[in-house]
Amino acid sequence: MSQRRIAVVVGALFFFQLITFLIGSSLVERYLDGDAGKSTLTIGVLLEMCAGLAVVAIGILMYQILRPVHRQLALAYPTLRIVEFAVSAILAIYLLSQLEEFPNHLLWVYIPTGIGGLILNYLLYISRIVPRPIAVLGLVGYSLLLLIVPLDLLGAIDENSAAGLALLAPGGLYEFVVLPIWLITKGFRPPMVSTA
């Protein structure tokens, strides 16, 4: 697959995983609120798992692009996306078997997501295959995502509060608007460095 095609597919996968996750999580919430039956819960979980598979595909495709920049870190990125999917799958099994969400379930997903995102954007920054401001936005966004985990667990902030959502906003802007639109419309530039 050409780099241009990979860029378009990765951009589209970012949108796909957002849409499937949002629909899936809204169905799960309907069940947990008592407004829907178990079939709605099952469909919601399956949609969330589709989003997780899209995340894994993003990691695998990006490895092909990032490998010339730094082979070890490039491999760490899809590895962490697989870990992210595995954590999500375990939480989904818990939800389907116990019919309730695991406490702080999203926080456990944020850890591999945040670390993987920092690796991705470090490689994007040093290689300049996308404009550096995009990589900086990603570094800020994923740093704030990781910051939410201890703050929420310690009770200093709630991820669903206004402050929590404000901390999530830069990562959301990066992952669901800026990066995918850039990849679909512009693609990757040739790498400026190789530290493999």
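**Exercise 1. Determine the volume of the largest cavity in this predicted model, and identify which helices line it.**

Solution. The largest cavity has a volume of about 50 Å³, and the structure holds one cavity of 30 Å³ or more. Its lining is made up of Val10, Phe14, Ile58, Met62, Leu120, Leu124, Val130, Leu179, Leu183 and Phe188. Assigning these residues to elements, one finds that α1, α2 (38-66), α4 and α6 (162-185) are the elements that give two or more residues to this lining.

**Exercise 2. Describe the largest pocket: how much space lies in it, and which element gives the most to its lining?**

Solution. The space in the largest pocket comes to about 1100 Å³. Its lining consists of 38 residues, and those that lie nearest its centre are Phe21, Leu106, Val109, Tyr110 and Phe176. At least two lining residues are supplied by each of α1, α2, α3 (71-98), α4, α5 (132-153) and α6; the element that gives the most is α6, with eight residues.

**Exercise 3. Find the residues of the nonpolar surface patch, and state which helix gives the most to it.**

Solution. Phe102, Trp108, Ile111, Ile115 and Leu153 together make a nonpolar surface patch of about 390 Å². Helix α4, which spans residues 105-127, gives the most to this patch, with three residues. One of the patch residues, Ile111, has its place in α4. With a relative accessible area of 31%, Ile111 is partly exposed, and it can therefore be counted in a patch, for which the cut-off is over 30%. As a general point on helix geometry, an α-helix has 3.6 residues a turn, so residues three or four places apart point the same way.

**Exercise 4. Compare the reach of helix α1 with the expected value, and then examine phi just after this helix.**

Solution. Helix α1 covers residues 3-32, which is 30 residues, and from its first C-alpha to its last it reaches 42 Å, close to the 44 Å expected at 1.5 Å a residue. Just after α1, Gly34 takes a positive phi of about 85°.

**Exercise 5. Examine Leu99 and Asn104 in the loop between α3 and α4: what is the phi of each, and is each buried or partly exposed?**

Solution. Most residues other than glycine have a negative phi. Leu99, whose place is in the loop between α3 and α4, nevertheless has a positive phi near 60°, and at 35% relative accessibility Leu99 counts as partly exposed. Asn104 is found in the loop between α3 and α4, and its phi is positive at about 55° although it is not a glycine. Asn104 is partly exposed, with a relative accessible area of 36%.

Technical notes. Residues numbered from 1 in each chain as written. Predicted model: local features only at pLDDT ≥ 70, side-chain atom pairs only at ≥ 80, totals over all residues. Heavy atoms only, no water. Patch = residues over 30% accessible without salt bridge, like charges linked within 9 Å, V, L, I, M, F, W, Y side chains within 5 Å. Areas by Shrake-Rupley, 256 points an atom, 1.4 Å probe, with all protein chains shown as cover. Salt bridge = Lys/Arg side-chain N within 4 Å of Asp/Glu carboxyl O. Helix = DSSP H or I, 4+ residues; strand = E, 2+ residues; numbered from the N terminus. Buried < 20%, exposed > 50% of the residue type's maximum accessible area, 1.4 Å probe, protein only. Expected span 1.5 Å × (residues − 1). 1 Å grid on protein atoms, 1.4 Å probe; cavity = no way out; pocket = protein on both sides within 12 Å on 5 of 7 lines; lining within 4 Å. Points joined across faces, edges and corners; volume = space filled by probe spheres on them.
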